[in-house]
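Work through the exercises below with the model open beside you. Try each task before reading its solution.

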Amino acid sequence: MKKLFFLPVLIAAVALGTACDKAQDTKTPVTETSAASQSAPESKVEAKVTLVKYSDYQCPACKYFHNIEVELKKAYGDDLDIVTKHFPLSMHAYAQVASRSVEAARKQGKYDEMHEMMFTGQEQWSRGNAETIFIGYAQSIGMNVEQFRRDMNSADMNRIVMADRREGRDLGVGSTPTFFINGDLIEKNPPNVEQFKALVDKYMD
């Protein structure tokens with residue numbers, strides 16, 4: 001294995017979800033310099049399996065697999081650690097500000113809430129007016145809105161996002177979502193929960 005890091009509905013979802021997975025990102029060079037990525041949440045326990053996803057919040061495929069991740073977490077609990085890394089694609093106009101907004105939310109202890117809202121509201125904010133919508137999200141989950149407004153476009157948040165993106169590029173990531181399981185690149189993303197569980201089970205032994 002290479003080291004790096006319902007029926008009609010499922011068919012429609014997978015067809016939609018492959019759009020970003022097939023879109024290679026070659027336009028935007030990564031030029032930011034930073035220390036090690038700060039975006040991955042710290043694990044509270046030592047999990048048997050770590051699943052890392054390089055992700056774009058505006059990517060329909062990433063939203064599709066986010067729903068699978070939720071089911072995986074329910075199934076495995078603390079035995080599975082799921083870490084999302086930022087990999088905003090240049091083809092998506094609002095992906096970078098979405099990532100910065102999630103990091104701004106993390107700064108106020110609201111990462112999980114904002115992360116979920118980004119995918120839930122993806123179809124709406126992808127059409128435009130994204131920053132205003134994100135500010136609305138921040139207000140709805142009880143954040144300090146003025147601080148969030150400053151942080152969402154700050155150099156500090158951008159450095160965090162771009163450090164993840166550079167890390168992904170160094171590992172050969174060029175499309176989203178790209179998964180690594182215990183450091184192994186998943187060459188072909190399992191298309192449903194059952195097949196993803198079968199893959200995770202191999203690493204639980």
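**Exercise 1. Confidence and overall make-up**

Over which residues from position 1 onward does pLDDT stay under 50, and how many contacts beyond four places in sequence does the model have for them?

*Solution.* pLDDT is the predictor's confidence in each residue, from 0 to 100. Contact means heavy atoms within 4.5 Å. The stretch is residues 1-19, and the model has 30 contacts for it beyond four places in sequence. Residues 26-43 also have pLDDT below 50, with 39 contacts beyond near neighbours in sequence. The protein averages a pLDDT of 85, and 79% of the residues score at least 70.

This is a predicted model: local features need pLDDT of at least 70, side-chain atom pairs count only at pLDDT 80 or more, and totals for chains, interfaces and linings use all residues. Residues are numbered from 1 along each chain as its sequence is written, and side-chain values use heavy atoms, with hydrogens and water left out.

Now list the secondary structure. Helices (H or I, at least four residues) and strands (E, at least two) are DSSP runs, numbered from the N terminus. The protein has nine helices and four strands. Along the sequence they follow the pattern α-β-α-β-α-α-α-α-α-α-β-β-α.

**Exercise 2. The largest nonpolar core**

Find the residues with the most contacts inside the largest nonpolar core, then find the element that gives the most to this core.

*Solution.* Start with the terms. Buried means under 20% relative accessible area, exposed over 50%, partly exposed in between (1.4 Å probe, protein chains only). A nonpolar core is a set of buried Ala, Val, Leu, Ile, Met, Phe, Trp, Tyr and Cys residues joined through side-chain atoms within 4.5 Å.

Step 1: the largest core has 36 residues, and those with the most contacts inside it are Tyr57, Met114, Met118, Trp125, Phe134, Met143 and Phe148.

Step 2: the elements giving two or more residues to this core include strand 1 (49-55), helix 2 (60-76) and helix 8 (155-170). Helix 6 gives the most, with six residues.

Step 3: beyond its neighbours within four places in sequence, Met114 contacts Phe134, Tyr137, Ala138, Met143 and Phe148, among others. Another core, of 18 residues, lies apart from the largest one and includes Ile82, Phe179, Val193 and Tyr203.

**Exercise 3. Two helices**

Check the length of helix 3 against its expected span. Then compile what covers helix 3 and helix 6.

*Solution.* The expected span of a helix is 1.5 Å times one less than its number of residues. The 13 residues of helix 3 should therefore span 18 Å; the end C-alpha atoms are 19 Å apart, which agrees.

In helix 3, 10 of 13 residues are buried. Among them are Arg100 and Glu103. Their cover includes strand 2 (80-86), helix 4, helix 5 (122-125), helix 6, helix 7 and helix 8. Just after helix 3, Gly109 has a positive phi of about 75 degrees.

In helix 6, the buried residues are Ala130, Ile133, Phe134, Ile135, Tyr137 and Ala138. What covers them includes helix 3, helix 4, helix 5 and helix 7. Gly142 follows helix 6, and its phi is positive, near 80 degrees.

**Exercise 4. Rings and charges**

Classify the ring pairs of Phe65 with Tyr64 and with Phe179.

*Solution.* Rings of Phe, Tyr and Trp (its six-membered ring) pair if their centres lie within 6.5 Å; planes under 30 degrees apart count as stacked, over 60 as edge-to-face and the rest as tilted. By this rule there are eight aromatic pairs. The Tyr64 and Phe65 ring centres are 5.2 Å apart with planes at 85 degrees, so the pair is edge-to-face. For Phe65 and Phe179 the values are 5.6 Å and 65 degrees, so that pair is edge-to-face. Phe65 lies in helix 2 and Phe179 in strand 3 (residues 178-181), so the pair ties together parts 114 residues apart in sequence. Ring pairs link Tyr64, Phe65, Phe179 and Phe196 into a cluster.

Which rings lie under Arg106 and Arg165?

*Solution.* A charge sits over a ring if NZ of Lys or CZ of Arg is within 6 Å of the ring centre and within 35 degrees of the ring normal. Arg106 has its charged end over the ring of Tyr111, 4.1 Å from the centre. Arg165 lies over the face of Phe87, at 5.3 Å from the ring centre.
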